[in-house]
Amino acid sequence: VRDRLLKRHQDYIRLLLELLASRAGEAAKGVNERFEGLSNRISETPHSIEQLVEKKEFIGTVPREVKQIQPDLDKMMGLFQALEEARFTLTDEMSARKWDAFKWTARIDGAVEEARQQMDHLKKAFDERHQQRQAKFAGDVRELGKAVTAVARFTDLAQIEQAASEVAKLAIRLDDYKKQSRELQAHEGLLGREVVEYPELAATAKKFEFYSTLWGTRPSGRSGACSGRRASSRSST
């Protein structure tokens, strides 16, 4: 009877340890998954200035993210400690999960440092690209100014269809350049650069208003023969 009771007791202890080991394994799996998800986000490469700023803001939250996972990591290590004290033999898989989870905090610190170095490099690259785009844009604005000035060649009402078509195309370009100027200025702010104004673009837009009104088109670029005919009729009267 004593042997049966002893065996039953041992079986009960083994069952409890196996249950504890299962809980420890699941805890380790959960901790690893959370840390792995965090690591993947840290390792993401920004492909734009906006994404770079978002990445920088996210990196600042990593210590808080790790702190939120820490209680689960401590609980997991406590379960494995209890198994060790009970001399429970872990499977290779469970042992690997345990040590993977244990090493995550140091790995996250290393990933954050690598991310910061990457962001410094990318900021320089984005800054150089921005300056190139800015130089090209300045040249494009000058060409647009010349194109708007060239509308003055239309002096005969017989040219109204041609003039209206030209003005409509210029309106589209002008709207696009205004959008580009806003994007450039937004990027300058994100890069910590002084925001550049574009007075030549503003002057071109002002000049264009005259031609848009003269040839019966609207700055939005929508025009047609009807509006041209109305302009012609008004001019004739």
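**Entry 1. Terms and overall layout**

I take helices to be DSSP runs of H or I with at least four residues, numbered from the N terminus. I note at the outset that the model is predicted. I counted seven helices and zero strands in the chain. Reading along the sequence, I recorded the pattern α-α-α-α-α-α-α. I then looked up burial and found that buried residues make up 34% of the 237 residues. For contacts with a separation of 6 or more, I noted that 78% come from residues 24 or more positions apart.

**Entry 2. Gln159**

I located Gln159 in the loop that runs between helix H4 (92–149) and helix H5 (160–190). Is Gln159 buried or exposed? I found a relative accessible area of 25% for Gln159. Buried requires under 20% and exposed requires over 50%, so I entered Gln159 as partly exposed.

I next listed the neighbours of Gln159, setting aside residues up to four places away in sequence, and found that Gln159 touches Arg153 and Phe154. I also noted a polar atom of the Gln159 side chain 3.1 Å from the backbone nitrogen of Thr155. Finally, I checked Gln159 against Trp215, which is 56 residues apart from it along the chain. Their C-alpha atoms are separated by 10.0 Å.

**Entry 3. H4 against H5**

I turned to the two helices on either side of the Gln159 loop, H4 and H5. Two packed helices are described by the angle between their axes and the distance between those axes. For H4 and H5 I recorded an angle of about 155° and axes 11 Å apart. Angles over 145 degrees count as roughly antiparallel, and H4 and H5 are therefore entered as roughly antiparallel to each other. I noted that their crossing is left-handed.

I then listed the residues that make this contact. From H4 they are His130, Arg133, Gln134, Phe137, Asp140, Val141, Glu143, Leu144, Ala147 and Val148. From H5 they are Leu170, Arg173, Leu174, Tyr177, Gln180, Ser181, Glu183, Leu184, His187 and Glu188. I sorted the residues of the H4 contact with H5 into nine nonpolar, five polar and six charged.

**Entry 4. H4 against H6**

I examined H4 with helix H6 (residues 199–214) in the same manner. The axes of H4 and H6 come within 10 Å and cross at roughly 20°. Why did I enter H4 and H6 as roughly parallel? Angles under 35 degrees count as roughly parallel, and H4 and H6 are therefore roughly parallel to each other. The crossing of H4 and H6 is left-handed.

From H4, I listed Phe137, Val141, Arg142, Leu144, Gly145, Val148 and Thr149 in this contact. From H6, I listed Glu200, Leu201, Thr204, Lys207, Phe208 and Tyr211. The residues of the H4 contact with H6 divide into seven nonpolar, three polar and three charged.

**Entry 5. Ser39**

I found Ser39 in helix H1 (residues 2–43). Its relative accessible area is 14%. The cut-off for buried is under 20%, so I entered Ser39 as buried. Leaving aside neighbours within four places in sequence, I found Ser39 in contact with Trp104 and Ile108.

**Entry 6. Arg87**

I located Arg87 in the loop between helix H3 (62–85) and H4. I recorded a positive phi of about 60° for Arg87, although Arg87 is not a glycine. With a relative accessible area of 77%, Arg87 is exposed.

Technical notes: Residues numbered from 1 in each chain as written. Predicted model: local features only at pLDDT ≥ 70, side-chain atom pairs only at ≥ 80, totals over all residues. Heavy atoms only, no water. Buried < 20%, exposed > 50% of the residue type's maximum accessible area, 1.4 Å probe, protein only. Contact = heavy atoms within 4.5 Å. Polar contact = N/O pair within 3.5 Å; in protein donor to acceptor, adjacent residues only side chain to side chain. Axes fitted to C-alpha atoms, helices over the stretch in contact; angles between N-to-C directions. Parallel < 35°, antiparallel > 145°, perpendicular 65-115°, else oblique. Left-handed = near helix turned anticlockwise from the far one by under 90°. Nonpolar A, V, L, I, M, F, W, Y, C, P; charged D, E, K, R; others polar.
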